[in-house]
Amino acid sequence: MLVPLSVALVLVLSSVAVAQTAQLAGKVVDENGVIVAGAKVTLAGPETPLPVVATTDEAGRFLLAPVPLGTYALRVEKPGFYAYLAHSHALARSNESIEVVLNHQREFGETVNVVYSAPVIDPQQVAAKSTLHAEEIIEMPYPSTHDFRSALPLLPGVVKDNLGHVHLNGGAEDQAYYSLDGFNIGNPVSGMLQNRVSVDSLRKVSVEASRYSAEFGKGSAGLLALETSQGDDHFRFLATNFLPSLQVNKKNLDIEGWTPRANFSGPIVKGRAWFFNAADIQYDLSVINELPSGADTGSRWEGSDLTRVQVNLTNRNILTSGFVYNFRDANHFGLSPRDPIESTRDVSSRYYFLNVKDQAFLPGGTVLEVGVAASRLNDDEQAMGDKLYIIGPEGNSGNYFADRNQEVDRLQVVASMLLRPLSWHGRHDLKFGIDADGNQYRQFSFRRSFEVRDEQGNRVRTASFSGDPHLSENNTEFSAYIQDRWTPQEKLVVEAGLRLDRDQVLGNTLVSPRLAATYTPSRIRDSKFSAGVGVFYDATNLGLLARGLDQTRVDTFYSQDGSEIVYGPIVSRYTVDRTTLQAPFSLNWSVGWEQKLPGSIYFATDFIRRHGRNTWAYSLAASGGEQGQREATYQLDSDQTQSYSYLELTAKRMFKEKFYTVFSYARSGTRTSAVIDFSLENPIFSQQASGPRDWDTPNRFIAWGFLPVPHFRKWTAAYFLEWRTGFPYSVVNQELRLVGAPNSHRYPDYFSLNLQLERRFRLLHYEWAFRIGFNNPTVVNNNIDSPNYGQFSGSAGPAFVGRIRFLGKI
C-alpha cells in the first residue's frame, strides 16, 4: 500500500496581450534540494474540461502546455510526501517556470495541518513495482518489527522461508539485486541480503519484479531498493522500545528481549548541510522448552548504526555520504529441540559500509552522478569444543564439527548521466552509465569428523575431511548500460534498454536487451496497461565457485550393528571447470493492468513468467575407484533450468486521508531441475533431481491496514493477516539418504494474524505513542526412520507485545 503525501499549490494564469495560452514548466525538489522524480502534477480549472496532468522526469522536471488563460489550481503529489497548500500565485508571463518543494512525510511533525493524497496510477511507471513507505514499515504489526526484512512480506511477491531468508518473486536470495541509496549491498560471495539498518532510518523500500530498467542488472528475480532518510532544518529525536520485555520460563523471570532504537537528525548549516543518525540494538533470549533446565538457553546481541550527511555545495551540486556499521554476537547459535547446547556454535560478525556520491546539474539540463563505496564483512563461527559430533534420528549431540572464519571485501564505483530531453517523433529521455566492482573473498574452515547413528545408537556412517582449510576467490565486474524512455504521445511510454556485463571469472561479455511499455487509454478512465520482456542475468556466485577449492570429504557406511564396513569409504570431491560455465540468465516477460474502481478502490493485477537457463548447481558427475574405496565427484555445471509463474490480484483503498487497507492474493509456482544444494557440510547422499524450490508458495493471501477505532478517537488499529500454502521439504532416512522425490512433502498451511492498538498522547510537553497487541510449527522431524517422523516442534504460539515510542517535542 502506498501512503502518499501531496503538495497542493494554487496559482492564477494571468492574461497576456500577445498570447491566448500559457505553459507552466518547473522542477520539483524535496526539502533538501534533491530532485523528486515521478511526482504527479495536475492543473485544474474552469477553462479546461479535464485536468491537465504531467509527471516529473528523473531530473524532477515537468511541463504543462498549452493551457488556456484563466484561474487554476496546481496540485503536485508524490507518495511519501506531505501536502503543502499555498495561496494564489499570479504568473506575469505566458512561459513561466517555478520550483515546488515537497516535504517528506514524518511520523510526527511540528504541525497537524497536513494533507494526505490518495493513491495514484502513475502513467510513467513502466516497471512492475510495489513500495513500502516509512509509515507502513513502522506502523504495521509484522513479527520482529525491529527488522525491516520482516516487513518485506507485506509486499505480495515477497516471502520469507523457514530460515528467515527473503525471496523475491520465486527466486533464490542470490537472484535478486539489493541496493542501499543506489549502491549494491548484497553479499559478494553468497548474494544474500544479510545487512541491517534501523527501520526508523528508511524512507521507503521498493521492489521491482519485472520490466525494470537496464540500469539494474545481476538479479533475474527482481530489484530491492532501500532509501534512507536525511535530516532537515529542524533538530529531531525519536526513540522506541527503550523498555525490555520480560517472560517467565520454568518459574524464572528473564529478560526475553530488548530492541531499543533511536534516531537523531538536524542541520549542520541551516539550508545547506544536514545530518541523520539511526541506531538500533537487539537482544534476544531463546528458551527451548523441550530441553532440560540449565541447558535450554541461548542469547544474541546484534545491532546497526547508520549515519548520513548531505552538503549542498551549490544549488546545482549535492554531495552525500553514508556509513553503516553492523555487529552480531550470538551464544549457542542453532539451539533447537534437535540441537542441544553442546551442538551449537558461538557466532560473531562485523560489517562496515562507507559510501560517497556527488550529484551535479550541468548546463543545459544534464544530470551527472558519480559515487564510490567500500565494504568489509567478517564472520566467525566457533564450535563449543572438539568432541565427536553425532547426528541421530531424534537430534544431535557432541560438538559441531566445523569452525569457520570468512572475510569479504568489495569496492564499487558507479556513474550515470541523464541527458536533457531530446525531440524526435516524441520525447526521448536518455540515460547511460557504468558500474565496476572489485570483490575479494578469504575463508578458513577447520572441520572435524562426525558420525551418523541410528535409533539404537549404532553408527551407520562416519565422515571426515582433509585438505587445505584455507581458500580465497576474487572477481572484478564491469557493467555499462543505456536506457531510452520514449514518449511518442501523451498516453504512451516506451522504455528500451541495453546492458553489457563482464566479469573476471567468466570472461564473456553478456548482452541484456530489454523492452517495456505502458499505455493509458483515453476511453478507459483511470486505467493503465503495461507489458514488457527482457533478458536478466544473475551475478557470479563466488560461494559456489569456492567449493571447488575447498576440502575433500570421506564417508564410510557400516552394517546394522555398526561393526563392519558395508560401503565405502567414499571420497567426495567438488570440482569446477570454469571454461565450461555459462552465465545464468532468465527470459522474463510480464503484463499488468491498473484500474481505479468506484469507491476509491485501486485495483492492480500482474502476470509474470520467468524461464531460467544456465543455472549453476553441483551434480554427481562420476563415481568409481578402487575396490573398497570409491570416489564421488560433484561437478559444478551450468545446464540446469528454472521456471516461475506468478499471478497477482491486489486492491487498495484509502479513506479519511491517512487510513488505508490492502488485500492481495497471489497464485505462483517456482520449480528447478536442481533442488539439492550439495556441499561438504550437507550430508545428504543422492543424485540431483528436479522439484519445487524450498520456498514454493502456490497460494498466498495477505491483508493489512491502518484503521481508526470506532468511538475511540485517539486510538488506531493496525493489522497484518497472512495465509499461504506450507513450504515443501524433503525426507531422509537414518543414513541421510533421500527418500522419494526432493521437496515432495509440505508443511501445513501457514496462518498468522497480528493485531495491535495504538494511542498517542502528550506528556511533559512531548508527544508519545503507546501500543499493545499480539503477534501470531517451525521445526519438523524429517527422518523417516524416527518414531516422531512428521511431528512439529518449536511453535511459540500467540505472543502479546507492547511498544512505547517517544516522538518529540510538541
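How much space lies in the second largest cavity? The points below take that cavity first, then the largest one. The model is predicted.

1. Volume of the second largest cavity. The space inside is about 90 Å³. Its lining is made up of 13 residues. Nearest the centre lie G186, N187, P188, Y351 and L377.

2. Strands around the second largest cavity. Two elements each give two or more residues to this lining: β25 (367-383) and β28 (402-418). The top contributor is β28, with three residues.

3. Chemistry of the second largest cavity. Six lining residues are nonpolar and five are polar. Two charged residues complete the lining of the second largest cavity.

4. Volume of the largest cavity. Here the space comes to about 130 Å³. The lining counts 15 residues. Closest to the centre are G157, V159, Y644, S668 and T697.

5. Strands around the largest cavity. The elements giving two or more residues to this lining are β41 (630-655) and β42 (659-672). β42 supplies the largest share, three residues.

6. Chemistry of the largest cavity. Seven lining residues are polar and six are nonpolar. Two more are charged.

7. Where to look in the model. For the largest cavity, start from G157, V159, Y644, S668 and T697, the lining residues closest to its centre. Then trace β42, which gives three residues to that lining. For the second largest cavity, start from G186, N187, P188, Y351 and L377. Then trace β28, which also gives three residues, here to the lining of the second largest cavity.

Technical notes. Residues numbered from 1 in each chain as written. Predicted model: local features only at pLDDT ≥ 70, side-chain atom pairs only at ≥ 80, totals over all residues. Heavy atoms only, no water. 1 Å grid on protein atoms, 1.4 Å probe; cavity = no way out; pocket = protein on both sides within 12 Å on 5 of 7 lines; lining within 4 Å. Points joined across faces, edges and corners; volume = space filled by probe spheres on them. Helix = DSSP H or I, 4+ residues; strand = E, 2+ residues; numbered from the N terminus. Nonpolar A, V, L, I, M, F, W, Y, C, P; charged D, E, K, R; others polar.
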